[in-house]
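User: Please take a close look at one loop in this model, and then follow the backbone and side-chain features elsewhere that help to place it in context. A connected account would suit me better than a list.

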Amino acid sequence: MTAPAPAAPLDRADEFAPLARAPRAVVLRHRVQYAALRGVLGTLSTLGFRRASNFGARVARLGYRPFGIRRGVVERQIAAAFPGWDANRVEATARAAYDNLGRTTIEAAVLQRYGPEMIRALFDEPENWSHFERALQRGQGAIVVAGHLGNWELGGAYLSARGLDFEAVARQMENPLFDAYVTRTRNRLGMKIIYDGDAVRRVPRALRNNAVVAFLMDQGTVGLASTWVPFFGRLAKTPRGAAVFALRLGSPVFFVAPLRKPDGRFILVVEEIPVRESGDRNADVDRIVADYTATLERWVRRAPEQYFWHHRRWKHQQPNTAPELGDPLR
């Protein structure tokens, strides 16, 4: 297997910080999109959480068929991840993934109507919640790594609803009006947002204040220092930031996944990712990135229909990567 690309020395500030983005200008297209969004949300506000979720699933199924929006991407990536599956199983999982994405999108959109008690009521009690309690007693905060599995937005809301001082590193959305709306909703639920351009300054401050800081770590993004690690047997570009912060600040790392249960409720998976220092900082970072990626893969294998296969996970590759290790869509 191709070895991960060497990374820059970890004393450089740009190791995990892209350039901060200038505020986007609001154009007519943004206003039209936002007006449509608020109209839909106004209608959905009359529905309960479960009915709104069901509505999202029905709409998303149209994306699979008849419209076929990214259907080829979804099916080919599932087939590459599970090469032993036949076409019927790939198709059934792809259809269910559209269902889950529709539910997740609408559930996140209606969160602005819910308070902490209502959000807690959507979840069963996690088995390993004590991991957070013990970690925060050390006073060095905690780092959460998560993938686009289950309902990741609801997972952040749940951590806040449980009383954690919770901050999440996020990228600015293309539509500034929608971005502001989502940020207001998150803030009302107790979640603070750290834009990725501010991460170098704000993440250490949050961890030193014993906060929990979350990273979504399964999208390779231009501008973020990354390591290529195995994900379903192929090399996936994976951001290094969470691992770098953990080693620099001595904060523990937890993988979380808010998974949807058959009865419509949720359970928060919590697993600790070992943070060990060997004296080779770059190798330590690569190992942590590989560990939390392997943990994500293990949970995706348990609930493949709840993963966001619509994103091209293996799109960004190093030069000369062997075809069997690279992007299955090429």
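Analyst: R70 lies in the loop between helix 2 and helix 3, where helices (H or I, at least four residues) and strands (E, at least two) are DSSP runs numbered from the N terminus. The model is a predicted one, in which local features need pLDDT of at least 70 and side-chain atom pairs count only at pLDDT 80 or more, while totals for chains, interfaces and linings use all residues. Residues are numbered from 1 along each chain as its sequence is written, and side-chain values use heavy atoms, with hydrogens and water left out.

The phi of R70 is near 60 degrees, a positive value in a residue other than glycine. At 40% relative accessibility, R70 counts as partly exposed, a class that falls between buried (under 20% relative accessible area) and exposed (over 50%), with a 1.4 Å probe and protein chains only. P66 also has its place in the loop between helix 2 and helix 3 (71–81), and the peptide bond that leads from R65 to P66 is cis, with omega near 25 degrees. As background to both features, most residues other than glycine have a negative phi, and most peptide bonds are trans.

A positive phi in a residue other than glycine is found again at N320, with a value near 70 degrees. N320 sits in the segment after helix 11 and is exposed, with a relative accessible area of 77%. A glycine with a positive phi, of about 70 degrees, is G250, just after helix 10. Helix 10 (residues 241–249) is itself mostly covered, since 8 of its 9 residues are buried; these are G241, A242, A243, V244, F245, A246, L247 and L249. They pack against strand 1 (142–146), helix 9 (199–208), strand 4 (212–216), strand 6 (234–239), strand 7 (253–260) and helix 11, contact being taken as heavy atoms within 4.5 Å.

Helix 2 is also tied to another part of the chain through a salt bridge, that is, a side-chain nitrogen of Lys or Arg within 4 Å of a carboxyl oxygen of Asp or Glu. D99 and R61 form such a pair, with their closest N and O atoms 2.6 Å apart. The pair links distant parts of the chain, with D99 in helix 4 (residues 87–109) and R61 in helix 2 (residues 49–64), 38 residues apart. D99 counts as buried at 14% relative accessibility, whereas R61, at 36%, counts as partly exposed.

By this rule the count comes to 21 salt bridges. One of them joins the side chains of R301 and E297 at 3.0 Å, N to O, and because these residues are 4 apart in helix 11 (residues 281–302), about one helical turn separates them. In general, an α-helix has 3.6 residues a turn, so residues three or four places apart point the same way. Within this pair R301 is partly exposed, with a relative accessible area of 42%, while E297 is buried, at 16%. D198 and R201 also form a salt bridge, their closest N and O atoms being 3.9 Å apart; D198 is partly exposed at 26% relative accessibility, and R201 is partly exposed at 48%. Finally, D124, K261, D263 and R265 are linked in a network of salt bridges.
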